[in-house]
Amino acid sequence: MRLFQGQYSSPLGELIAITSLNGLCLLTFQEEQDFIQPFLSKLSQYYQNTSLSQNPSHSILKQTTDWLQSYFLDLDNEAKIHPTPIPPLDLQGSDFSKQIWYRMLSIPKTELRSYGWLAEQIQNPKAVRAVGRSVGANPIALIVPCHRIIGANGSLTGYRGGLWRKEWLLKHEKSFLKIR
């Protein structure tokens, strides 16, 4: 399976995007090499003979860039639904993790949710720690909004890209307005 890589310069640093022919597989910050390399190795479990090439003009990478540009320019309207559709996603992981990642896509831009809420949504309220691991393994930063997941007490908890980025993203989205 051919994979294509592109980069995007954001206010929070360089983002690396990797797509298959099916959709976006990875969107993460460039300095997260300790996540990127194992992720690429794990993809070989799902796809035979993977090869990675630079192709920023690939249609899915272009859609990702369009989404990111729209996301970072949307500073003024807290209630605005994201005007640019998300690119096709090719989420690869366990069925449990994919269930968590797809559920996070439903979290509105101006709202926050807890790990416990996610566990309840998949009707497994005792799976909070497993939910936390899946949230931490989210391969698609920003688009699959793991930054909108907080601790049960309202505290900002772990974010692979750094808590300073999580705080920036939530302020950008004005998410502190509605905590559930």
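Helices (H or I, at least four residues) and strands (E, at least two) are DSSP runs, numbered from the N terminus. By that definition His172 sits in helix H6 (residues 163-173). This is a predicted model, in which local features need pLDDT of at least 70 and side-chain atom pairs count only at pLDDT 80 or more, while totals for chains, interfaces and linings use all residues. Residues are numbered from 1 along each chain as its sequence is written, and side-chain values use heavy atoms, with hydrogens and water left out.

**Overall fold**

The chain holds six helices and seven strands, which follow one another from the N terminus as β-β-β-α-β-α-α-β-α-α-β-α-β. With a radius of gyration of 16 Å, close to the 16 Å that the globule rule gives for 180 residues, the chain is as compact as a globular protein of that length; the radius is taken over C-alpha atoms, and the rule is 2.2 Å times the number of residues to the power 0.38. Along the principal axes, the C-alpha atoms fill a box of roughly 45 × 40 × 25 Å.

Contact means heavy atoms within 4.5 Å, and of the contacts in the chain with a separation of 6 or more, 59% are made by residues 24 or more positions apart. The accessible surface, from the Shrake-Rupley method with a 1.4 Å probe, comes to about 8800 Å², of which 52% belongs to carbon and sulfur atoms.

**Nonpolar cores**

Buried residues, meaning those under 20% relative accessible area, as against exposed ones over 50% and partly exposed ones in between (1.4 Å probe, protein chains only), make up 48% of the 180 residues in the chain. A nonpolar core is a set of buried Ala, Val, Leu, Ile, Met, Phe, Trp, Tyr and Cys residues joined through side-chain atoms within 4.5 Å. The largest such core has 36 residues, and those with the most contacts inside it are Met104, Val135 and Leu142. Among the elements that each supply at least two residues of this core are strand S1 (2-10), helix H3 (95-104) and helix H5 (128-136), and H2 gives the most, with six residues. Leaving aside residues up to four places away in sequence, Val135 touches Ile100, Met104, Tyr115, Leu118, Cys146 and Ile149. A second, separate core of eleven residues includes Ile16, Cys25, Phe35 and Ile36.

**Individual residues**

Four residues are set out below with their place and relative accessible area.

| Residue | Place | Relative accessible area |
|---|---|---|
| Ile150 | strand S6 (residues 149-150) | 1%, buried |
| His172 | helix H6 (residues 163-173) | 7%, buried |
| Gln123 | loop between H4 and H5 | 72%, exposed |
| Leu142 | loop between H5 and S6 | 1%, buried |

Most residues other than glycine have a negative phi. Gln123, however, has a phi near 55°, a positive value in a residue other than glycine, and phi of Leu142 is likewise positive, near 70°. Gln123 counts as exposed, whereas Leu142 is buried and is one of the residues with the most contacts inside the largest nonpolar core.

Two pairs of residues that are separated along the chain can also be located in space. Ile150 and Ala17 are 133 residues apart in sequence and 25 Å apart from C-alpha to C-alpha. His172 and Gln45 are 127 residues apart along the chain, with their C-alpha atoms separated by 36 Å.
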